[in-house]
Amino acid sequence: MAEKRKAGLARGLTNYGDRDFSLYLRRSFAGSMGYSRQMLAKPIVGIAYTRSGFNNCHRHFPELLEAVKRGVLAAGALPMDFPTISLGEVFLNPTSLKFRNLMAMDTEEMIRAQPMDAVVLMGGCDKTVPAQLMGAASADLPAIQLVAGPMMTSRHGEERLGACTDCRRFWGKYRAGEIDDKEIGEIEGRLATTAGTCAVMGTASTMACIAEALGMSLPGTAAIPAVHADRLRAAEASGEAAVRLIANPIRPSQIITKKSVENALRVLLALGGSTNAIIHLTAIAGRLGIDVPLTWLNELSDTTPVLVNLKPVGKHYMEDFFAAGGLGAVLRELQPTLNLDCLTVSGETLGERLSAEPFYVDRAVIASADAPLETAGGLVALFGTLAPRGAILKRSAADKTLFESQGRAVVFSSLEDLAARIDDPDLDVEPDDILVLQNAGPKSRSGMPEAGYLPIPKKLAARGVKDMMRISDARMSGTAFGTIILHVSPEAAIGGPLALVQTGDRIQLSVRDRRIDLLVEEAELAKRRKNLKTADNREALRGYDKLYAQEVLQADEGCDFAFLKST
Ligand code: FES
């Protein structure tokens with residue numbers, strides 16, 4: 001007969017071969033932290049806590065943690081925070097994506113190994129939320145995502161500044177010689193001035209909205225600014241809700257379903273959200289055996305309008321989005337196309353949630369479905385001879401005059417090659433060329449960095465060129481913009497067609513036909529393929545580098561590890 005499931009401190013006892021001894025010892029050691037016997041008898045809400053000196057976006061987490069604990073205690077359970085690794089986007093080398101799966105493993109195993117009945121996941125900076133959702137999906141204990149919330153904007157003269165679209169905009173001006181060292185120094189001190197995640201619809205904000213759209217965060221919490229008192233109230237409410245989930249368990253596997261993933265995809269498209277989010281959502285869904293083929297994204301993209309006027313695509317910032325009605329307003333516009341019977345962590349269905357929300361909306365920031373900013377979704381997947389398994393274009397952030405065009409490739413074989421030559425005054429490049437970067441995909445040494453936003457060559461920037469078509473197997477920051485084709489799969493490092501492109505080749509883009517093609521005869525490609533040298537150095541690797549190189553999947557499969565996907 002199956003053993004009755006234990007709760008609280010009695011869950012998952014350390015194995016000494018004597019269960020009563022294990023519990024006695026655990027209670028004794030837990031008691032050494034000053035808890036009474038009465039407290040230790042309560043159900044436990046774990047809190048996955050990711051404050052780090054290397055994560056500026058989470059600097060307010062101590063205060064937020066207190067609010068979560070308050071909510072848990074008020075609802076009658078014992079809060080126990082525990083650390084996991086934290087991924088501060090700009091502090092990680094070679095790139096934070098490489099460590100997303102490590103954080104997901106850390107989160108999953110610590111949820112499973114420690115005695116808790118539900119868990120609140122405190123994350124925010126780009127890769128932390130997907131990592132926590134991936135881990136929680138695999139552990140499948142009742143879980144609530146609480147995000148950090150976005151930063152507030154700042155000022156530079158008359159201009160509003162928000163990380164990090166404006167970081168790139170001003171850096172582009174600096175490279176073009178439009179602003180000097182002194183001014184870029186001043187801007188550097190004004191771009192990121194409060195706690196919280198990047199202030200635009202970058203990856204962190206997109207993932208916060210996706211977590212809420214999936215039903216894994218409490219309604220109305222995705223966009224609350226990090227420093228707003230409502231953020232603390234959301235933390236308290238998340239703690240309370242986690243306790244409710246102990247009495248009435250709703251597991252991630254009941255919330256993250258094919259239907260809720262479809263809802264999240266629609267939200268991603270309507271936000272004109274980050275290209276990274278498609279990788280993360282694919283990885284999260286993959287933990288529960290749900291495939292997210294890029295053809296699905298295209299089907300939904302045709303019938304999902306862009307509704308949100310936020311940088312990097314539009315004008316406004318996350319604090320404006322919050323004041324304008326937040327994600328609830330977007331969901332209400334999308335309501336006829338959403339699966340309303342999906343469960344959320346609040347215990348309500350999405351349909352129940354939407355029927356109860358107030359209706360104030362600032363239409364300058366969140367358009368209605370009847371008068372959208374764009375009639376089709378912000379992202380589109382491309383297939384063709386250059387990307388047989390797909391590539392991504394954020395069309396809402398791209399130059400539409402290039403959508404049906406072809407150009408001459410100017411190829412950089414690696415990030416090092418790019419850095420060495422992009423600003424060479426003798427570089428043979430014109431504004432209608434296509435910049436191609438190879439060997440920046442998940443299995444490359446660089447681990448798929450956000451390098452797909454290739455800089456405009458200095459000599460062209462000085463001539464006023466602001467955008468060019470750029471193609472790579474890399475990613476791009478969610479805060480970046482331009483005609484940039486990313487995530488080309490299969491990648492160059494494993495011999496994908498991208499590896500065969502040479503300077504002078506013609507490449508054709510057709511957004512209408514969803515195609516990206518290398519216009520080179522097959523006989524010539526076969527010759528190149530034969531001579532292709534793939535720099536496989538896996539034998540020389542050790543530790544996590546080795547695991548990553550061996551197991552990471554291509555972008556179209558979410559860059560998860562093969563052995564972590566649900567079978
Ligand atoms: Fe953390 Fe942008 S650096 S969200």
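This briefing covers the nonpolar cores and the cysteines of the structure above. The model is predicted. Its largest nonpolar core has 115 residues. A search of the whole structure finds 1 disulfide.

**Nonpolar cores**

- Within the 115-residue core, the residues with the most contacts are Ile111, Met122, Val261, Leu265, Phe321 and Val330.
- Helix H11, spanning residues 258–271, gives the most to this core: 8 residues.
- Another core lies apart from it and has 28 residues. Among them are Ala398, Phe403, Met469 and Val501.

**Around Met122**

- Leaving aside residues up to four places away in sequence, Met122 touches Ile47, Ala48, Tyr49 and Thr50, among others.
- Further contacts of Met122 include Phe61, Leu64, Leu65 and Val68.
- Gln132, Gln145 and Leu146 also touch Met122.

**The disulfide**

- Cys164 and Cys167 form a disulfide. Their sulfur atoms are 2.0 Å apart.
- Such a link is a covalent bond between the sulfur atoms of two cysteines.
- The torsion about the S-S bond of Cys164 and Cys167 is about -105 degrees, so this disulfide is left-handed.
- Cys167 has 16% relative accessibility, so Cys167 counts as buried; the cut-off is under 20%.

**Other cysteines**

- Cys125 counts as buried because its relative accessibility is 3%.
- Cys559 has 1% relative accessibility, so Cys559 counts as buried too.
- Why is the sulfur of Cys559 without a bond to the sulfur in Cys125? The sulfur in Cys125 is the closest cysteine sulfur, but it is 18 Å from that of Cys559, too far for a bond. A disulfide needs the two sulfur atoms within 2.5 Å.

Definitions and conventions: Residues are numbered from 1 along each chain as its sequence is written. This is a predicted model: local features need pLDDT of at least 70, side-chain atom pairs count only at pLDDT 80 or more; totals for chains, interfaces and linings use all residues. Side-chain values use heavy atoms; hydrogens and water are left out. A nonpolar core is a set of buried Ala, Val, Leu, Ile, Met, Phe, Trp, Tyr and Cys residues joined through side-chain atoms within 4.5 Å. Buried means under 20% relative accessible area, exposed over 50%, partly exposed in between (1.4 Å probe, protein chains only). Helices (H or I, at least four residues) and strands (E, at least two) are DSSP runs, numbered from the N terminus. Contact means heavy atoms within 4.5 Å.
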